[in-house]
Amino acid sequence: MAAPVRIFLLVLLLLGPGGWGRAEPPRDSLREELVITPLPSGDVAATFQFRTCWEWVSHYRLFPKALGQLISKYSLRELHLSLTQGFWRTRYWGTPFLQAPSGAELWAWFQDTVTDVDESWKELSNVLSGIFCASLNFIDSTNTVTPTASFKPLGLANGTDHSFLRYAVLPREVVCTENLTPWKKLLPCSSKAGLSVLLKADRLFHTSYHSQAVHIRPVCRNARCTSVSWELRQTLSVVFDAFVTGQGKKDWSLFRMFSRTLTEPCPLASESRVYVDVTSYGQDNETLEVYPPPLTTYQDVILGTRKTYAVYDLLDAAVVSNSRSLNIQLKWKRPPENGYIHYQPAQDRMQPHLLEMLIQLPASSITKVSIQFERALLKWTEYTPDPNHGFYVSPSVLSALVPSVVAAKPGDWEESPLFNSLFPVSDSSSYFVRLYTEPLLVSLPTPDFSMPYNVVCLTCTVVAVCYGSFYNLLTRTFQIEEPRKGGLVKRLANLIRRARGVPPL
């Protein structure tokens, strides 16, 4: 019985006089949120934000240790890094929550105790290159600037000496899964629970726009700013094409966009919410219907516009406990008497695009319909014999009911001239007209087709020579012939050569 008593006393000594009763509560926190916004163009934007606050310098509970050591080693005041694929189209999508350029963007503020800012900046970019698997190591003096007005500190700042600021952009940086994986590993729950389970690489990168960022800054911990903590904001913004994912409709759902649903919040998060923008834009009397119905709503002025959001709190047991799976869905409803745009998206090498619009044009007006497209490389077998001529796009069809000035007289088509039977049926007030536009000639990137020809010729020549030589050696029959004895002439020659002292033949 002596051994158990010793173990019990040892545990008491390790716990100290107060034991668990006097353990100080953690001072770090995690808040996660997802904002889903139906865009005016019909697309859907999803913005993830994970906010981690960290106060203790020597303790890492939620804050990633790699970034904490980075702040301490290089005496950082602020750090902002974004990796973006695509371009945010403000004209069609509106103003984003966080704007970022295409490629990689990095800018940082250093403490005024740093003696060599350029050297610290160079080492910082190399370390971040390893952490996020990006080409940030290509940042040098040729692409680094020191702005004086555009990039002010976003957190607490004691001074604004821009000599401690560095900024660089790599427009050619390509964002892929190798950058997303280390970004997700910085999250306290990684991609195991909470909103991060929706971060599925094959869905996020199959979008029109993708941007992931890391922002580190010092912030006040309370209203009086008596204590300061480090704030890490990990943001990820994507834009889904609702027509493609919704099969020609603007309806969407979490499962349709991310191929997953929400089952539980991150156990380390103090707040886990999903916000859905249900503000009606008032276009064609459209209304929104959200399922499941939200328990609460939130209204505020966001970027100069009053918005209404449906709020889903994952920490509320009533939100997830019913079905153990939260799949938020949004449907657009409109009165049946109003006209609808019909759009059928194309499938590569299977079916073309189809766009039909029912519109009413005022008299003496000009209407323009434009469609944006991206040029891409085709397979080399899909090019025409004259690829440099270009590729044709089918003409558009315009069908209209034109008001008639003269009333049509009823008549018998069998007795009327033949050209009269070619006209569509018309009434006394209007007649039907179908017009066609010119076909469009599009120039696509064309490879150098002489190179495959040269490669084929060279390959065939090498194969023919090598194969012919090896085949000749492998199939030829070799025979050994015995040397024949010489005749009378050869014998006489050898006698003469022997007499002259010359070796015989």
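The following passage describes the predicted model of a protein, covering its confidence, sheet, helices, cores and cysteines.

In this predicted model, local features were required to have a pLDDT of at least 70 and side-chain atom pairs were counted only at pLDDT 80 or more, whereas totals for chains, interfaces and linings use all residues. Residues are numbered from 1 along each chain as its sequence is written, and side-chain values use heavy atoms, with hydrogens and water left out.

The average pLDDT (the predictor's confidence in each residue, from 0 to 100) is 79 for the protein, and 82% of the residues score at least 70. Confidence is lowest in helix α1 (residues 2-15), with a mean of 36, and highest in α4, with a mean of 92. The pLDDT falls below 50 over residues 281-285, a stretch that has twelve contacts in the model beyond near neighbours in sequence; a contact means heavy atoms within 4.5 Å. Residues 335-339 also stay under 50, and the model has four contacts for them beyond four places in sequence.

The secondary structure comprises twelve helices and 20 strands. Helices (H or I, at least four residues) and strands (E, at least two) are DSSP runs, numbered from the N terminus. Of the 505 residues, 32% are buried, where buried denotes under 20% relative accessible area, exposed over 50%, and partly exposed in between (1.4 Å probe, protein chains only). Among contacts with a separation of 6 or more, 71% join residues 24 or more positions apart.

An open sheet of mixed pairing is formed by eleven strands in the order β5-β6-β4-β3-β7-β8-β2-β1-β10-β13-β12. Two strands are taken to pair if DSSP finds at least two bridges between them. The edges are occupied by β5 (144-145) and β12 (296-302), each of which has a single partner strand, so one side of each is left without a neighbour in the sheet. Strands β5 and β6 run antiparallel and are joined by two bridges, with valine 145 having tyrosine 167 of β6 as its bridge partner. Strand β6 pairs in turn with β4 in the antiparallel sense over six bridges, and here tryptophan 107 stands opposite tyrosine 167. Five of the six residues of β6 are buried, so this strand is largely enclosed by the rest of the structure.

Strand β8 (residues 228-240) is joined to β2 (residues 44-54) by eleven bridges in an antiparallel arrangement. In this pairing, cysteine 53 stands opposite glutamate 231 and alanine 46 opposite valine 238. Twelve bridges join β8 to β7, again antiparallel, and histidine 210 likewise stands opposite valine 238. Because eleven of its 13 residues are buried, β8 is largely enclosed by the rest of the structure.

Two helices lie across strands of this sheet. Helix α2 (residues 65-74) lies across β2, β3 (76-85), β4 (103-110), β7 (209-220) and β8, and runs at about 130 degrees to β3. Helix α4 (residues 117-132) lies across β3, β4, β5, β6 (165-170) and β7, at about 135 degrees to β4. Axes are lines fitted to C-alpha atoms, for helices over the stretch in contact, and angles run from 0 to 180 degrees between N-to-C directions.

The largest nonpolar core contains 68 residues, of which Phe48 and Phe110 touch the most other members. Helix α4 gives the most to this core, with six residues. A nonpolar core is a set of buried Ala, Val, Leu, Ile, Met, Phe, Trp, Tyr and Cys residues joined through side-chain atoms within 4.5 Å. Not counting residues up to four places away in sequence, phenylalanine 48 touches nine residues, namely Glu33, Leu34, Leu195, Leu198, Leu199, Gln234, Thr235, Leu236 and Phe258. A second, separate core of seven residues includes Leu39, Ala100, Tyr209 and Val239.

The structure holds one disulfide, defined as a pair of cysteine sulfur atoms within 2.5 Å. This bond is formed by cysteine 189 and cysteine 266, with their sulfur atoms 1.8 Å apart. The torsion about the S-S bond is about 70 degrees, so the disulfide is right-handed. The pair links distant parts of the chain, 77 residues apart: cysteine 189 lies in the loop between α5 (177-185) and α6 (201-204), and cysteine 266 in the loop between α8 (254-258) and β10 (271-277). Both cysteine 189 and cysteine 266 are buried. By contrast, cysteine 133 is partly exposed at 43% relative accessibility, and its sulfur is 8.5 Å from the closest cysteine sulfur, in cysteine 176, too far for a bond. Cysteine 457 is partly exposed, with a relative accessible area of 33%; the closest cysteine sulfur, in cysteine 460, is 6.8 Å from that of cysteine 457, too far for a bond.
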